[in-house]
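Trainee: I should like to request a close look at one part of this protein, namely its nonpolar interior. Please describe how that part is built and set it in the context of the whole chain.

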Amino acid sequence: MAAEDGGGEKQGAGAAAARKAKRQGGFRTMPFILANDFCDRLASVGFTSNLITYLTLQMHLPLVQASNIITNYNGTANLTPLVGGLVADSFAGRFWTITFGSVVYQIGMVCLTLSAALPSLHPPPCAKHAADCQRASSYQIAVLYMSLLCTSIGTGGTRPCTMAFGADQLELNAHGRRGARPKWSFFNLYFFAVELAKLTAVTAVVYIQENVGWGWGLGVPTIAMLAAVIAFVSGYSLYVRMPPGGSPMVRLAQVAAAAFKKRKAAVPDASLLYQDKELDAGISTTGRLLHTDQLKFFDKAAIVTDGDVLPSGQPNPWRLSTVHRVEELKSIIRILPICAAGIILVTSSSHNHSFAIQQARTLNRDLTPHFRIPPASMLIFTNLAMLLTLAFYDRVLVRVLRRLTGRPNGITHLQRTGVGLTIAMLSNAVAAVVERRRRSVAAASGLLDAPKATLPMSVFWLVPQFTIHGIANAFMDVGRMEFLYDQAPESMRSTAAALYWLTFSIGSYLGTLLVTIVHAKTQRSGQWLPDNLNRGKLDNYYWLVVALEVVNLVYFFVCVKYYTFKPLETVGGEEEVELYHGNGNGANGAKKHGGSFK
């Protein structure tokens, strides 16, 4: 009861944690948190960026099967964060959830390295002139799957919590200093560190995999992951560690159940709905959510009726909820349609780690007579573009837009996301045009039936599509994550971050489904996605993705038009009370009525 109601012990712990924000947290914690995530991403990107090569050339799997393994893995790795976020918000807390996830991820990386290093765990190399190579056995694939499963479980602990935990250090530290705004945009800083790790992975790590061997190529990320665990745990005493406020899913279920039981009751004036500051203290340390006029059915959960109060004097949570708890449910429901717009976005970019890498393998990658660019290193242009765009956006563009709009962050998080969605369409349109050019060069050179031959066409033709995708990510990824952190209830921020990764999960599975359907439906009329891309129609697949993105962009605009930002009551001092509508400018940002996408 205490865990679910946020009362008693948890209230005192929540208040104590808020007071400690003055002494803990702040920018000094960033090296520990960002070092952890840097090494984590170096490990994950170090093997996923070139996984298509490992599966096709080392495990000897067909292209479509290998592509589906990658998207299925990405789907699972982005589904587990939903469980991890709930565990962190319910009882474990963010610090211990991150620590546990990092250790399990380390185990998965060790197993993956052994799979590549031990001859018994992968098939023998192909003979030089062999037409068919021996595929990986069921046992070898099972070991691979178990390794990927461990890393998927590990990401369930790290991904939903690291961003929220890091933002807590700056946002809650600023809140502890009476509403002072943090000097740094954590999410820009976070994604900058992530892209720096990716850049290192797709250059140094991929080079080792292609030129030294897969044992060392996976061993280096494994060592990096060990460094990540050590770096994170070593900063334990400096962190702001907000106590979990009880299961958020239980609270949401209680609101829904109470509203259903009173479905025939008439909703009174909002001032008559049930409020209890003490009951909500443990889950509203930075301010309570105020009543909104949307989704009024759930307001019935806050109507006081006979039998709602237990003999102890406490409300029965399955019959009566506070306005704050009702608004928690409303906030999550309002967020979901916006989150869903990210699903097609992930589906449309899933081919960057499979088909685009295979395209690069067919092109001229020679920089010098003695150095050839690894195909997976083409992702460097996505990482570089995102790094430069993030720096330009945070240091230059925000200042210019701030003068024009008067907003602290220049534009709202939803506007930033919409710009990214629009740019992403251009990336796939360019990819379609370049693929058509690549195939025409293969035809003109008489190499249509030589999939392993190098075409007389530079690999740098692929640079624009990777670069544009990186620019789009700088707008979309940061905008979506900031939106979720800003608009999610305080006690559900790890769960909200998990929603971000859930869109990656669903999008990856949808990518698998899309590739499977296209492959099946085009077998008779001329395959779009055969193992030999020179005989395929990959450009048609890209145009199909562009069409899906157009529909998705229209859907996003409709969702934004009808979205209502959450109203929050914040307490700056003993008597100071401010009404603040989250406006897409970040938590503890300008406390005024927020705008919309328009």
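Mentor: A residue is called buried here when its relative accessible area is under 20%. By that criterion, 58% of the 598 residues of the protein count as buried. The model is a predicted one, and what follows should be read accordingly.

I begin with the chain as a whole. Its secondary structure amounts to 18 helices and 5 strands. Among contacts with a separation of 6 or more, 82% join residues 24 or more positions apart. The surface that the protein exposes comes to about 24200 Å², of which carbon and sulfur atoms supply 64%.

Turning to the interior, the largest nonpolar core holds 69 residues, and the members that touch the most others are Phe47, Leu55 and Tyr541. Helix H5, residues 63-92, is the element that gives the most to this core, contributing 7 residues. Because residues come from both domain 1 (24-126 + 134-174 + 182-245) and domain 3 (328-579), the core lies between these two domains. The surroundings of Phe47 can be listed individually: leaving aside residues up to four places away in sequence, Phe47 touches Tyr73, Tyr105, Met109, Leu112, Leu148, Thr151, Gln209 and Leu218. A second core, separate from the largest one, consists of 54 residues, including Ala341, Ala497, Leu502 and Phe504.

Helix H5 itself merits a check of its geometry. With 30 residues at 1.5 Å each, H5 should span 44 Å, and its end C-alpha atoms are 41 Å apart, which agrees. After H5 comes Gly93, with a positive phi near 85 degrees.

H5 also takes part in the surroundings of helix H13, residues 355-362. Of the 8 residues of H13, 7 are buried, so this helix is largely enclosed by the rest of the structure. Those buried residues are Phe355, Ala356, Ile357, Gln358, Gln359, Ala360 and Thr362. They pack against H4 (51-58), H5, H15 (413-444), H16 (463-487), H17 (493-521) and H18 (538-561).

Finally, the unreviewed UniProt entry annotates as "transmembrane region" residues 187-208, 214-239, 332-351, 371-393, 497-520 and 540-558. Two of these spans may be set side by side. Residues 187-208 are 100% helix and 0% strand, with end C-alpha atoms 31 Å apart. Residues 371-393, by contrast, are 61% helix and 9% strand, and their end C-alpha atoms lie 34 Å apart.

Key: Residues numbered from 1 in each chain as written. Predicted model: local features only at pLDDT ≥ 70, side-chain atom pairs only at ≥ 80, totals over all residues. Heavy atoms only, no water. Core = buried A, V, L, I, M, F, W, Y, C linked by side-chain atoms within 4.5 Å. Buried < 20%, exposed > 50% of the residue type's maximum accessible area, 1.4 Å probe, protein only. Helix = DSSP H or I, 4+ residues; strand = E, 2+ residues; numbered from the N terminus. Domains from an automatic or database assignment. Contact = heavy atoms within 4.5 Å. UniProt positions renumbered as here; feature names shortened; annotations may be inferred. Areas by Shrake-Rupley, 256 points an atom, 1.4 Å probe, with all protein chains shown as cover. Expected span 1.5 Å × (residues − 1).
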